[in-house]
Amino acid sequence: MLTQEKCHILFIEDEHGVISTVTDRLEAEGYIVHSVQNGDEGLRRALGNGIGLIILDLMLPGKGGLEVCSELRRRGVQTPILMLSARGELVDRVTGLKLGADDYLAKPFAMAELVARLEVLLRRAQPSLRPLQGFYRFGDVRVSFDRPEVMRAGQPVELTARELELLRYFIRNRGMILSRFELLKQVWGYDPVPSTRTVDVHVLGLRQKLERDPAHPALIVTISRQGYKFVG
């Protein structure tokens, strides 16, 4: 997540009512929310790129919130974590904070307080959210973020300005499933027309120029009925 883009929040919570209420409010505040309902899947998603903040419930199916928090910090993930729990005992708060959580909020909570705490955590993390600089390399492809240059096997790749912007957005959100709606909003800057094929056409162009086998893409993969995911 970059400061110029909407923040992607990973919400790891197993209560459907809480997921719905929190998601609705955060999306109204301009955030993009990805929710999962168990600790194992939450850990997997949190280890991918593109997440700007994690809201993590303490009591979860599979791995518990404390275990997920500990594992993320052990693996060097520094994404801000706001821990939630129906239990408000001091020992839970202290344990979570010692394991690396950045803040703790006991249920039930006021939505205004949740939003305020998220804003504080994001401001604190701001230095780590600067736009990418230098270059990003995957396979034999090197993408520059300092100048409009893409190289493949040492040779320049001719991308249009929009293709380059789309590729950079994929890289910034590596591992995330990105819908056509989001890509049109974030890369093109306009509300999509339901029948538009703009994203598909540009993805096809990137595949033809960057994939070893464009007919069987391994870098920009299609997720059925959801969108695309960059895994390079």
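Let's start with Glu-13. Leaving aside neighbours within four places in sequence, Glu-13 is in contact with Val-18, Ile-19, Val-36, Gln-37, Asp-57, Leu-60, Leu-84 and Lys-107. This is a predicted model, so please hear every value as computed from that prediction. Where does Glu-13 sit? In the loop between strand S1, residues 8-12, and helix H1, residues 16-28. Is Glu-13 buried or exposed? Glu-13 is buried, because its relative accessible area is 0%, and the cut-off for buried is under 20%. The side chain of Glu-13 also reaches back to the main chain: the backbone nitrogen of Glu-15 is at 2.8 Å.

Next, a second buried charged residue, Arg-73. Arg-73 belongs to helix H3, residues 65-74. Its relative accessibility is 16%, so Arg-73 counts as buried too. What does its side chain reach? A polar atom of the Arg-73 side chain lies 3.0 Å from the backbone oxygen of Gly-100. Gly-100 also appears in the contact list of Arg-73. Beyond four places in sequence, that list runs Gln-78, Thr-79, Pro-80, Ile-81, Leu-99, Gly-100 and Asp-102.

Now the sheet. Four strands form an open sheet in the order S6-S7-S8-S9, with antiparallel pairing. The edges are S6, residues 135-138, and S9, residues 155-156; each of these pairs on one side only. As a reminder, strands of a sheet pair through backbone hydrogen bonds, either parallel or antiparallel.

Look at S6 and S7 in detail. S7 covers residues 141-144, and its antiparallel pairing with S6 runs over 4 bridges. Phe-135 has Ser-144 of S7 as its bridge partner. Arg-137 has Arg-142 of S7 as its partner. The two strands make a hairpin, with 2 residues between them. Gly-139 is in that turn, and its phi is positive, about 60°.

What packs on this sheet? Helix H6, residues 161-172, does, and touches S6, S7 and strand S8, residues 150-152. The direction of H6 makes about 100° with that of S7.

On the way from S9 to H6 there is a loop, and Glu-158 is in that loop. Is Glu-158 buried or exposed? Glu-158 is exposed, because its relative accessible area is 63%, and exposed means over 50%. Set that beside Glu-13, which is buried at 0%. Outside four places in sequence, Glu-158 touches Glu-163 and Lys-209. Lys-209 is 51 residues away along the chain, yet the two C-alpha atoms are separated by 8.2 Å.

Last stop: H6 has a helix partner. Two packed helices are described by the angle between their axes and the distance between the axes. For H6 and helix H7, residues 180-188, the axes come within 10 Å and cross at roughly 120°. The crossing is right-handed. Which residues make the contact? From H6, they are Arg-162, Glu-165, Leu-166, Tyr-169 and Phe-170. From H7, they are Glu-182, Leu-183, Gln-186, Val-187 and Trp-188. By type, the contact residues divide into 6 nonpolar, 1 polar and 3 charged.

To recap. Glu-13 and Arg-73 are buried, while Glu-158 is exposed. H6 packs on the sheet, and H6 also crosses H7. That's it from me.

Key. Residues are numbered from 1 along each chain as its sequence is written. This is a predicted model: local features need pLDDT of at least 70, side-chain atom pairs count only at pLDDT 80 or more; totals for chains, interfaces and linings use all residues. Side-chain values use heavy atoms; hydrogens and water are left out. Two strands pair if DSSP finds at least two bridges between them. Contact means heavy atoms within 4.5 Å. Axes are lines fitted to C-alpha atoms, for helices over the stretch in contact, and angles run from 0 to 180 degrees between N-to-C directions. Buried means under 20% relative accessible area, exposed over 50%, partly exposed in between (1.4 Å probe, protein chains only). A polar contact is a pair of N or O atoms within 3.5 Å; within protein, one must be able to donate a hydrogen and the other to accept it, and residues adjacent in sequence count only if both atoms are side-chain atoms. A crossing is left-handed if the near helix is turned anticlockwise from the far one by less than a right angle, and right-handed if clockwise.
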